[in-house]
Amino acid sequence: MCIVALEIACDESGSEGEKLIGGQTDVFAHAGVRLSVEEAEGCLAELRRRIRSPAVEYKANHLLRTKHRRVLEWFLGPRGPVHGRAHVYLVDKKLLLANELRALVGPEVPPDDAILAAFNDVLRTRNRRDPAAGSFFAMAGDTAQLRAKVAEVREAKVLDPLVPAILRAVGYWSAGGEKVFLVHDEQPSLKGERLARIESSPGLAGLKFVDSRTDPRVQAADFLVGVARRIAEDELNGNGDAVLTELLGPYIDPESRWG
């Protein structure tokens, strides 16, 4: 008997690998949409009709412009094309890093930006004699036990939120017992052990990477993940829009690393 898997199109926004502080973005977002190719094409056509931009390729930035506010509210709202058919996983990068630091050193070391930056550097480096290591241990306490714990975290490669986000997408969409086939925007960093970890997920039927320009479903996911990251980042930085934050709420995974 042939089992047909549930196809979910995915994309991410704000991915900077293991750099969680001092980068270009404060929030990482990953989105999956459950749309057929025809439905996604209809979604993109309607966005083009409403936005009316001469751009060849539409991106989330088009929706985020003030003059297209009504289009954005429609897109996220209950009558929009992805409502009830999409999932967003958010990560507050600094919070993720601070939680990792607290797990290692406990609450006695306040996770301010200086020690978080040093901690991020020491976890990213593969050279134990790197000056970044000395800076972190000088602030956190240079003990053999702490050095051993840091080495374990470094080996576990837990910093980059991309793989956990994809695994969470598989878990979310397969929760009803149906296997999931992911169609994901190209991710050159996913190879070797990282890719094997995803492919071993019990709820995954398969995984295909595509150029987002060739698959309208991934383009729809790109719109959603781009606006979701911006809305979340504005909220995080105290510039939130109450209406947009509320509209985004139903999409957010409760297991997001979000305050």
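Asn120 sits in helix H5, which covers residues 113-124. In this predicted model, Asn120 is buried, with just 1% relative accessible area; the cut-off for calling a residue buried is under 20%. Leaving aside residues up to four places away in sequence, Asn120 touches a run of neighbours made up of Glu18, Lys19, Leu20 and Ile21, and also Leu97 and Leu159.

Helix H3 (residues 69-76) has its own set of buried residues: Val71, Leu72, Trp74, Phe75 and Leu76. As for what they pack against, the partners of these buried H3 residues are helix H1 (37-51), helix H2 (60-64), helix H10 (216-236) and helix H11 (242-248).

Zooming out, the protein has 11 helices and 5 strands. Its radius of gyration is 20 Å, close to the 18 Å that the globule rule gives for 259 residues, so the protein is as compact as a globular protein of that length. Measured out along the principal axes, the C-alpha atoms fill a box of roughly 60 × 50 × 30 Å. Of the 259 residues, 48% are buried. Among contacts with a separation of 6 or more, 74% come from residues 24 or more positions apart.

On the outside, the accessible surface comes to about 13000 Å², and carbon and sulfur atoms hold 50% of that. As for charge, the protein carries 35 positive and 38 negative charges, and the mean positions of the two sets lie 2 Å apart.

Key: Residues numbered from 1 in each chain as written. Predicted model: local features only at pLDDT ≥ 70, side-chain atom pairs only at ≥ 80, totals over all residues. Heavy atoms only, no water. Helix = DSSP H or I, 4+ residues; strand = E, 2+ residues; numbered from the N terminus. Rg over C-alpha atoms; globule rule 2.2 N^0.38 Å. Buried < 20%, exposed > 50% of the residue type's maximum accessible area, 1.4 Å probe, protein only. Contact = heavy atoms within 4.5 Å. Areas by Shrake-Rupley, 256 points an atom, 1.4 Å probe, with all protein chains shown as cover. Lys, Arg positive; Asp, Glu negative; His and termini not counted. Charge placed at Lys NZ, Arg CZ, Asp CG, Glu CD.
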